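This briefing looks at the ligand site and the empty spaces of the structure shown here. It begins with the residues around the ligand and then turns to the pocket and the cavity.

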Amino acid sequence: MSDLKARIQGIRDAFNQALGQVEGLKALEELRNQYLGRKRGIVKDLLNDLRSAPKELRPELGQVVNRLKQAVESGLAERLEELKSGESDGSSERGIDITLPGIAPELGSLHPLNVVNRDLIRIFERMGYEVAGASEIETDFYNFEALGLTKDHPARDMQDTFYITDEVVLRTHTSNVQIHMMQNRKPPFKAIMPGRVYRKDADITHSPMFNQVEGLVVGENITFTDLKGTLEHFLKQLFGSDTKMRLRPSYFPFTEPSAEVDVTCIICGGKGCRVCKNSGWLEILGAGMVDPVVFENVGYDPETVSGFAFGLGVERVAMLKHSISDIRMFFDNDLRFLSQFN
Ligand code: PHE
């Protein structure tokens, strides 16, 4: 019985294919004869063969053959209409079965760096920060000089640089945005500067292009306590409310005093592991009070204006959050990697 059913399915398929290839009324008529011809049609033959099937199966098989007959009839009628009106969506010509379920298009997803970037921006927007930007190609003045990194300052070595000319560089941090903002605005304001930055640096944790988010708050009576409270709130939002923070004295030419900011290791929770090199802490930010010399360079009065600034790397945050050990994974565009962040 299943033999006969398979045969019927084969006939159905063959008919559909032939129907799709029919290009004229004459060919359609020939097809009709071939399948529904009274004396020697394929359907007729099937009905004849039914007589040799076991009696108890006949009613069911009869139904199957009848359904085939109906399908052939309606297929022929439909094709006739198409041929008459000269219209066709093309699907039958190509032998496509439009009743098959479709192939769902694969959904894309945000790049893991964009996810982290958006998270960072959202946290600061909730604290009332505006988002600012500027060019990635910058003059020496905005990238270095105005920030206290005078020519030949040894601290320039901290940021290996792509020089376009002696005076034009690919920005090494988004601090250039801070200078543009302060030149164009009067305090008070608070802003974050997300963006791409460039350094002549490449290994499994450094990429010649990477993303930063820097922040700047300027006004009157802004103190180190404000900086500490802001960063603590930010890091708890980012890594969870159990996160602890510590400040270590550090040096940047554009902040004084300066600090390196650590959080409790998000992998081991502070117990000590390979990622935090058994210290329990991870370095995550650079920060400090804006150096008076920077205020002077942009025409602010350092006696009345004070402020703080901070900066962090987006890749580093994403690598820590997802335990990614090689920064190059972000830029290889390997779907096996990218689709894990759906
Ligand atoms: N601009 C610093 C860097 O890219 C980060 C930083 C910003 C540090 C603001 C302190 C204050 O290395």
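In this predicted model, 14 residues surround the ligand, and those that come nearest are His173, Ser175, Arg199, Gln212 and Glu214. The space that the ligand takes is the largest pocket, which has a volume of about 1400 Å³.

**Polar contacts and cover of the ligand**

- Gln212 places a polar side-chain atom 2.7 Å from an oxygen atom of the ligand, and for Arg199 the distance between a side-chain N or O atom and a ligand oxygen atom is 2.9 Å.
- Ser175 faces another kind of ligand atom, with a polar side-chain atom lying 3.2 Å from a nitrogen atom of the ligand.
- On its own the ligand has 320 Å² of accessible area, and the protein covers 92% of that area.

**The shell around the ligand**

- Three strands, β5 (209–219), β8 (281–290) and β9 (306–313), each supply at least two residues of the shell around the ligand, and β9 gives the most, with three residues.
- By class, the shell around the ligand is made up of five nonpolar, seven polar and two charged residues.

**The largest pocket**

- The lining of the largest pocket comprises 50 residues, and Thr205, His206, Glu283, Ile284 and Arg316 are the ones that lie nearest its centre.
- At least two lining residues come from each of β5, β6 (245–252), β7 (255–264), β8, β9 and α10 (314–322), so named elements of the ligand shell, β5, β8 and β9, reappear in this list.
- Whereas β9 gives the most to the shell around the ligand, it is β8 that gives the most to the lining of the largest pocket, with eight residues.
- Sorted by class, the pocket lining holds 21 nonpolar, 16 polar and 13 charged residues.

**The cavity**

- The model has one cavity of 30 Å³ or more, and the space in the largest cavity is about 40 Å³.
- The residues that line the largest cavity are Leu147, Gln178, Met182, Phe254, Thr255, Val290, Val294 and Ala309.
- Six of the residues lining the largest cavity are nonpolar and two are polar, with no charged residues in the lining.

Methods:
Residues numbered from 1 in each chain as written. Predicted model: local features only at pLDDT ≥ 70, side-chain atom pairs only at ≥ 80, totals over all residues. Heavy atoms only, no water. Near = heavy atom within 4 Å. Polar contact = N/O pair within 3.5 Å; in protein donor to acceptor, adjacent residues only side chain to side chain. Areas by Shrake-Rupley, 256 points an atom, 1.4 Å probe, with all protein chains shown as cover. 1 Å grid on protein atoms, 1.4 Å probe; cavity = no way out; pocket = protein on both sides within 12 Å on 5 of 7 lines; lining within 4 Å. Sits in = over half its atoms within 2 Å of the grid points. Helix = DSSP H or I, 4+ residues; strand = E, 2+ residues; numbered from the N terminus. Nonpolar A, V, L, I, M, F, W, Y, C, P; charged D, E, K, R; others polar. Points joined across faces, edges and corners; volume = space filled by probe spheres on them.
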